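Work through the exercises below with the model open. Each task is followed by a solution in steps.

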Amino acid sequence: LWDINVEKKGTKVELDVPEDHNVILFVRRGMIHVGESEVGPQSVAIMERQGARGPFVMNTQDELRQAMVDYQTGKLGR
């Protein structure tokens with residue numbers, strides 16, 4: 001768990017996260033850039049390994065999200 005306070009706009013912060021770990025970012029104030037995404041208050045950035053989540057293996061994060069939605073709504077396999 002990291003609690004990071006960045007005082008100066010434009011400051012670059014790099015976190016050493018093991019490859020097999022996922023990251024969730026919560027922004028309290030201001031905006032941050034994560035890769036090509038901009039994240040601010042009221043939004044959350046989730047960074048996961050590409051291709052696998054639980055029992056699902058897909059090609060993209062969008063496909064993984066859709067597989068989870070389909071599973072949770074009972075549409076999987078129909």
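## Exercise 1: a salt bridge within the helix

Arg-65 and Asp-62 both sit in helix α1, 3 residues apart, about one turn of the helix. The model is a predicted one.

Task: state what the side chains of Arg-65 and Asp-62 meet in, and find how exposed each residue is.

Solution.
- Step 1. Start from the geometry of a helix: an α-helix has 3.6 residues a turn, so residues three or four places apart point the same way.
- Step 2. Check the contact. The side chains of Arg-65 and Asp-62 form a salt bridge, at 3.3 Å from N to O. The cut-off for a salt bridge is 4 Å, so the pair counts.
- Step 3. Classify Arg-65. Its relative accessible area is 38%, so it is partly exposed.
- Step 4. Classify Asp-62. At 59% relative accessible area, Asp-62 is exposed, because exposed means over 50%.

## Exercise 2: the length of α1

Task: compare the expected span of helix α1 with the distance between its end C-alpha atoms.

Solution.
- Step 1. Take the residues: α1 covers residues 61-72, which makes 12 residues.
- Step 2. Apply the rise. The expected span is 1.5 Å times one less than the number of residues, so α1 should span 16 Å.
- Step 3. Compare. The end C-alpha atoms are 16 Å apart, which agrees.
- Step 4. List the buried residues of α1. They are Gln-61, Leu-64, Ala-67 and Asp-70.
- Step 5. Look just past the helix. Gly-74 has a positive phi there, about 80 degrees.

## Exercise 3: the other salt bridges

Task: the structure holds 3 salt bridges. Describe the one between Arg-28 and Asp-3, then the one between Glu-14 and Lys-12.

Solution.
- Step 1. Take Arg-28 and Asp-3. Their side chains meet at 2.9 Å, N to O.
- Step 2. Place the partners. Arg-28 is in the loop between β1 (23-26) and β2 (32-34), and Asp-3 is in the segment before β1, so the bridge ties together parts that are 25 residues apart in sequence.
- Step 3. Check exposure. Arg-28 and Asp-3 are both exposed.
- Step 4. Take Glu-14 and Lys-12. Their side chains make a salt bridge at 3.4 Å, N to O. Glu-14 and Lys-12 are exposed as well.

## Exercise 4: contacts across the sequence

Task: find how far apart Ser-43 and Arg-28 are in sequence and in space, then do the same for Ile-24 and Met-47.

Solution.
- Step 1. Locate Ser-43. It lies in the loop between β3 (37-39) and β4 (44-47). Its relative accessibility is 29%, so it counts as partly exposed.
- Step 2. Read the first pair. Ser-43 and Arg-28 are 15 residues apart in sequence and 9.5 Å apart in space, C-alpha to C-alpha.
- Step 3. Locate Ile-24. This residue belongs to strand β1. Ile-24 is partly exposed at 49%.
- Step 4. Read the second pair. Ile-24 and Met-47 are 23 residues apart along the chain, and their C-alpha atoms are separated by 6.4 Å.

## Exercise 5: patch and pocket

Task: which residues form the nonpolar patch on the surface, and which lie closest to the centre of the largest pocket?

Solution.
- Step 1. Name the patch. Trp-2, Ile-4, Val-6, Val-13 and Leu-15 form it, with about 440 Å² of accessible area together.
- Step 2. Take one member. Val-13 is in the segment before β1. With a relative accessible area of 42%, Val-13 is partly exposed.
- Step 3. Turn to the pocket. The largest one has a volume of about 1,400 Å³. Its lining has 34 residues, and the closest to its centre are Ile-4, Val-6, Leu-25, Val-27 and Ile-32.
- Step 4. Assign the lining to strands. β1 and β2 each give at least two residues. The largest share, 4 residues, comes from β1.

## Exercise 6: the whole chain

Task: give the order of helix and strands along the chain, and the percentage of residues that count as buried.

Solution.
- Step 1. Count the elements: 1 helix and 6 strands.
- Step 2. Read them along the sequence. The pattern is β-β-β-β-β-β-α.
- Step 3. Take the burial. Of 78 residues, 17% count as buried.

Definitions and conventions. Residues numbered from 1 in each chain as written. Predicted model: local features only at pLDDT ≥ 70, side-chain atom pairs only at ≥ 80, totals over all residues. Heavy atoms only, no water. Buried < 20%, exposed > 50% of the residue type's maximum accessible area, 1.4 Å probe, protein only. Patch = residues over 30% accessible without salt bridge, like charges linked within 9 Å, V, L, I, M, F, W, Y side chains within 5 Å. Areas by Shrake-Rupley, 256 points an atom, 1.4 Å probe, with all protein chains shown as cover. 1 Å grid on protein atoms, 1.4 Å probe; cavity = no way out; pocket = protein on both sides within 12 Å on 5 of 7 lines; lining within 4 Å. Points joined across faces, edges and corners; volume = space filled by probe spheres on them.
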